[in-house]
Amino acid sequence: MKDKFAIYVYRPSECTNELLDRFCEIVNAGGKVNPLSTDWLRDHGLRLAFVCEDSGGAANVVAVGGLKAPNDSYHKRCFHDAGFPEKWIEYPVEFGWVRATKTGGMTARVTNALFDYPEGAGPLFATVRTGNEYMNGPLAALGFEALGKPYRSKEHPGEYVRLFVRAPLPARLPGSSEGS
C-alpha cells in the first residue's frame, strides 16, 4: 500500500508565501510559542519540514517542524536562565515549531526528515514548557537531554520552561539507513 503522506523539507527562501502562511497557521494554532510570522521564518528559519496528505500543496499540510537560528539575546537567555550561560555557543541551532493537525506519527516524520540535513545532524537545543507532555517525552526519545533547571517563562506567566540539548548525531555513510 502506498503511503498517502509526502514529506518535504525546504529552506524558507524556497517556500511559496502560501506554504509559509500555512506553516505559521499550524504553529500558531497550538498557542505554545509567540505568534510566528512569515518574516520571522524567512529571517531565522534554516530548514522547514512539511508533511502533506495526498497530493501535497499548502492546503494539505498536516504537520510541520523546523530548525532555526535564534536571535542572540533569546539564545543566551535560555542557557543563562537554565543555569549554564557558557553553553549557548555549543548549541547554535534550535529545534522546534513541531506541530501536527493529525495523529499517527506525523511529528516523528517531521523530526526524522529534519535530522537528515546537516543543520539537524549537529548539536541542537530546544525549549519546552514543563507542562507540555506533547514535546517533553518525545525529546528524550530523540536523544535530547534536559540541561540545568527549569526557569520561569517570560511569555507565559506562572509557567516554567525546560532547556534540552542534543549532541551531534553520528555520521552516517551515504545511502545508509542506520539510525533512521
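**Exercise 1. Find out whether Cys24 is buried or exposed, and do the same for Cys78.**

Start with Cys24: its relative accessibility is 5%, so Cys24 counts as buried. Here buried means under 20% relative accessible area, exposed means over 50%, and partly exposed lies in between (1.4 Å probe, protein chains only). Next comes Cys78, which at a relative accessible area of 1% is buried too. As a last step, look for disulfides, meaning pairs of cysteine sulfur atoms within 2.5 Å: the structure holds zero.

A word on the ground rules: this is a predicted model, where local features need pLDDT of at least 70 and side-chain atom pairs count only at pLDDT 80 or more, while totals for chains, interfaces and linings use all residues. Residues are numbered from 1 along each chain as its sequence is written, and side-chain values use heavy atoms, leaving out hydrogens and water.

**Exercise 2. Check the span of helix 1 and say what covers its buried residues.**

Helices (H or I, at least four residues) and strands (E, at least two) are DSSP runs, numbered from the N terminus. Helix 1 covers residues 17–29, which is 13 residues. The expected span is 1.5 Å times one less than the number of residues, so helix 1 should span 18 Å. Its end C-alpha atoms are 18 Å apart, which agrees.

Now turn to the side chains. The buried residues of helix 1 are Leu19, Leu20, Arg22, Phe23, Cys24, Ile26 and Val27. Their cover includes helix 2 (38–44) as well as strand 1 (5–10), strand 2 (45–53), strand 3 (61–68) and strand 4 (93–100).

**Exercise 3. Place Asp81 and list what it touches.**

Asp81 sits in helix 3 (residues 72–82). With a relative accessible area of 17%, Asp81 is buried. Leaving aside residues up to four places away in sequence, Asp81 touches Lys149, Tyr151 and Lys154; contact means heavy atoms within 4.5 Å.

**Exercise 4. Describe the largest nonpolar core and name the element that gives the most to it.**

A nonpolar core is a set of buried Ala, Val, Leu, Ile, Met, Phe, Trp, Tyr and Cys residues joined through side-chain atoms within 4.5 Å. The largest has 23 residues, and those touching the most other members are Val51, Phe95, Met106, Leu114, Leu124, Leu139 and Phe144. Helix 4 gives the most to this core, with five residues. Take Met106 as a sample: not counting residues up to four places away in sequence, Met106 touches Phe5, Val51, Val62, Ala63 and Ala100.
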